[in-house]
Amino acid sequence: KQWYQRRVRGLPWWTAQVCENIPRCVWDVDCYNEAGDYRGMVSETQGGTTCQNWDVNFPHPHVYHSHGWAGVGSHNYCRDPSGEGRLWCYTSKLSVRWNYCNVPKCRAKDFPFYHFNSN
């Protein structure tokens, strides 16, 4: 049996998951939940443009600098610091300020062992 012990938001630190007979573990799938929580490393928009680093104001000035609660910091990964409900980022293109990222929303049917809100 292969055990994975990993801190998952909302679960106690001692929670371990057996991934035998489970199609995939929650942290092995690149998706975001209904609250827009995502800590993956996708860093381009749905149109293929590289995201701007969250800690810089060029090419697009913004207010989301190192908000640890929103997962932004010195990286350019897709996040949802505004609570929009969908992942996005500022782009590295001068002509396009921001765009959504192509990261799917997690579906409860993909994770029968994981508790999702019914919202």
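How many contacts beyond four places in sequence does the model have for residues 11-18, where pLDDT stays under 50? The count is 19, and keep in mind that this is a predicted model.

**View 1. How confident the prediction is along the chain.** Mean pLDDT for the chain comes to 75, with 62% of residues at 70 or more. Over residues 1-8 the pLDDT is below 50, and that stretch has 23 contacts beyond near neighbours in sequence. Among the elements, strand S1 (residues 3-5) has the lowest mean pLDDT, 43, while strand S4 (residues 98-100) has the highest, 97.

**View 2. The largest nonpolar core, with a look at Leu-87.** This core has 14 residues, and the ones touching the most other members are Trp-54, Tyr-64, Leu-87, Trp-88, Cys-101 and Val-103. Strand S3 (residues 88-90) is the top contributor, giving three residues. Zoom in on Leu-87 and, leaving aside residues up to four places away in sequence, you'll find contacts with residues including Tyr-32, Gly-36, Tyr-38, Cys-78 and Arg-79. Asp-80, Tyr-100, Cys-101 and Val-103 are also among the residues that Leu-87 touches.

**View 3. His-62, tucked into the loop between S2 and S3.** His-62 counts as buried because its relative accessible area is 9%, under the 20% cut-off. A polar atom of the His-62 side chain lies 3.0 Å from the backbone oxygen of Val-56. The side chain of His-62 also reaches the backbone nitrogen of Tyr-64, again at 3.0 Å. Beyond four places in sequence, His-62 touches several residues, among them Gln-52, Trp-54, Tyr-90 and Arg-97.

**View 4. An aromatic cluster built from Trp and Tyr residues.** Trp-54, Tyr-64, Trp-88, Tyr-90, Trp-98 and Tyr-100 make up one cluster, and the count of aromatic pairs is seven. The rings of Trp-54 and Tyr-64 have centres 6.4 Å apart and planes at 85°, so this pair is edge-to-face. Trp-54 and Tyr-64 are 10 residues apart, each in the loop between S2 and S3, and both are buried. Trp-98 and Tyr-100 pair edge-to-face too, at 5.0 Å centre to centre and 90° between planes. Trp-98 is partly exposed, with a relative accessible area of 37%. Look at Tyr-100 as well: the charged end of Arg-86 sits over its ring, 4.1 Å from the centre.

**View 5. Pro-81, another residue in the loop between S2 and S3.** Pro-81 is buried, with a relative accessible area of 5%. Measuring C-alpha to C-alpha, Pro-81 is 7.4 Å from Gly-71, a residue 10 places away in sequence.

Note on methods:
Residues numbered from 1 in each chain as written. Predicted model: local features only at pLDDT ≥ 70, side-chain atom pairs only at ≥ 80, totals over all residues. Heavy atoms only, no water. Core = buried A, V, L, I, M, F, W, Y, C linked by side-chain atoms within 4.5 Å. Buried < 20%, exposed > 50% of the residue type's maximum accessible area, 1.4 Å probe, protein only. Helix = DSSP H or I, 4+ residues; strand = E, 2+ residues; numbered from the N terminus. Contact = heavy atoms within 4.5 Å. Polar contact = N/O pair within 3.5 Å; in protein donor to acceptor, adjacent residues only side chain to side chain. pLDDT = per-residue confidence, 0-100. Phe/Tyr/Trp six-rings, centres within 6.5 Å; stacked < 30°, edge-to-face > 60°. Lys NZ or Arg CZ within 6 Å of the ring centre and 35° of its normal.
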